[in-house]
Amino acid sequence: MKKNFAIIGLGRFGGSICRTLIEAGQEVLVMDKSEERVNEYMNIATHAVMANAQDEATLKSLGIRNFDHVIVAIGEDIQASILVTLMAKELGVPFITAKAQNEYHARVLEKIGADKVVHPERDMGKRIAHHLVSKNILDYLELSDEFSLAEIRVTNKKFCQKSLLTLNFRQKFNVTVVAIRRGKNELIVSPSASEIVLIEDCLLVVGSTDCVRNLDDKLG
Ligand code: ADP
């Protein structure tokens, strides 16, 4: 489905979102106050505008409220990030994602009505740390305060050459296997109960963070 996105701020974060959305065939307007950044994205984004987003008249004249989703990707300048989020909200943008620099910034963004607040550095730090402390967790995503999704490699022979039905992870470990990654190219999504787990398979599991950790200890 095609959506209209507007990205305000073309640092590493905003720029990466822009490129990925364009690759996914979406319409993307980008805005930055830096001429250099705007020139860089002129031939990438659908539209590139050089303007200070803190100017409400500019946001209005661009028809910001007609965008399905606005991403406030201003990094360093916390005051600008807050003001732009507030104005976009007041102008009636249906969905705003805002990037937070720290916990206080995140709280303010949530209070003033950002629909989603992201902390890319903190979240990526956590993902990498989980990978570093566990030999089997390849990737890790917090879904909420309580639940996580993890990709865990099976290196314990005890769990191999057995079907998911026999392994019964849901009853024994309270986690659900949502997919199995096998080798470089094979991804078995929603595996059936009869699927046999092989050594070095990577299980994508969802469950409470404690249960996921517990399973990680056993699978290795
Ligand atoms: P990152 O950590 O993602 O690289 P930066 O803080 O380096 O983030 O980049 C944020 C971008 O937002 C910069 O390109 C900056 O010019 C832009 N920016 C900051 N304030 C405004 C504003 N008021 N209006 C438009 N763009 C802005």
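**Ile 180, its strand partners and the ligand shell**

Biologist: Is Ile 180 buried or exposed?

Modeller: In this predicted model, Ile 180 has 23 other C-beta atoms within 10 Å. A residue counts as buried when that number is 20 or more. Because Ile 180 has 23 such atoms around it, its class is buried.

Biologist: Which residues is Ile 180 in contact with, leaving aside its neighbours within four places in sequence?

Modeller: Ile 180 belongs to strand β10, which covers residues 175–182. Once neighbours within four places in sequence are set aside, the contacts of Ile 180 are Ile 188, Pro 191, Glu 195, Asp 201 and Leu 203.

Biologist: Which residue is the bridge partner of Ile 180 in β13?

Modeller: Strands β10 and β13 are paired in the antiparallel sense, with 6 bridges between them. Ile 180 lies in β10. Its bridge partner in β13 is Leu 203.

Biologist: How many bridges join β8 to β13?

Modeller: Strand β13 spans residues 202–208 and is mostly covered, with 5 of its 7 residues buried. One bridge partnership places Leu 149 opposite Val 206 of β13. β8 and β13 run antiparallel, and the number of bridges joining them is 7.

Biologist: Where is Gln 161 placed, and is it buried or exposed?

Modeller: Gln 161 has a phi near 60°, a positive value in a residue other than glycine. Its place is the loop between β8 (147–153) and β9 (162–163). Because only 12 or fewer other C-beta atoms within 10 Å are allowed for the exposed class, and Gln 161 has 11, its class is exposed.

Biologist: In which loop is Asn 168 found?

Modeller: Asn 168 is not a glycine, yet its phi is positive, at about 50°. With 12 other C-beta atoms within 10 Å, Asn 168 is exposed. Its loop is the one between α7 (164–167) and α8 (169–173).

Biologist: How far apart do the C-alpha centres of domain 1 and domain 2 lie?

Modeller: The protein chain is divided into domain 1, residues 4–118, and domain 2, residues 123–219. As a single pair of residues, Ile 180 and Lys 60 are 120 residues apart along the chain, and their C-alpha atoms are separated by 47 Å. For the C-alpha centres of domain 1 and domain 2, the distance is 35 Å.

Biologist: What radius of gyration does the protein chain have?

Modeller: The C-alpha atoms fill a box of roughly 65 × 35 × 30 Å along the principal axes. For a compact globule of 220 residues, a radius of gyration near 17 Å would apply. The protein chain instead has 22 Å.

Biologist: What percentage of the contacts with a separation of 6 or more is accounted for by residues 24 or more positions apart?

Modeller: The protein chain holds 9 helices and 13 strands. Buried residues make up 30% of its 220 residues. Of the contacts with a separation of 6 or more, the share from residues 24 or more positions apart is 54%.

Biologist: Which residues around the ligand come nearest?

Modeller: There are 21 residues around the ligand. Those that come nearest are Gly 9, Gly 11, Phe 13, Ala 53 and Gly 75.

Biologist: From which element does the largest share of the shell around the ligand come?

Modeller: The shell divides into 8 nonpolar, 7 polar and 6 charged residues. Two elements, α1 (12–23) and β2 (27–32), each give two or more residues to this shell. The largest share is 3 residues, and the element that provides it is α1.

Terms used
Residues are numbered from 1 along each chain as its sequence is written. This is a predicted model: local features need pLDDT of at least 70, side-chain atom pairs count only at pLDDT 80 or more; totals for chains, interfaces and linings use all residues. A residue is near a molecule or strand if its C-beta atom, placed from the backbone, lies within 6 Å of it. Helices (H or I, at least four residues) and strands (E, at least two) are DSSP runs, numbered from the N terminus. Ala, Val, Leu, Ile, Met, Phe, Trp, Tyr, Cys and Pro count as nonpolar, Asp, Glu, Lys and Arg as charged, and the others, Gly among them, as polar. Domain bounds come from an automatic or database domain assignment. Two residues are in contact if their C-beta atoms, placed from the backbone, lie within 7 Å. The radius of gyration is taken over C-alpha atoms; the globule rule is 2.2 Å times the number of residues to the power 0.38. Two strands pair if DSSP finds at least two bridges between them.
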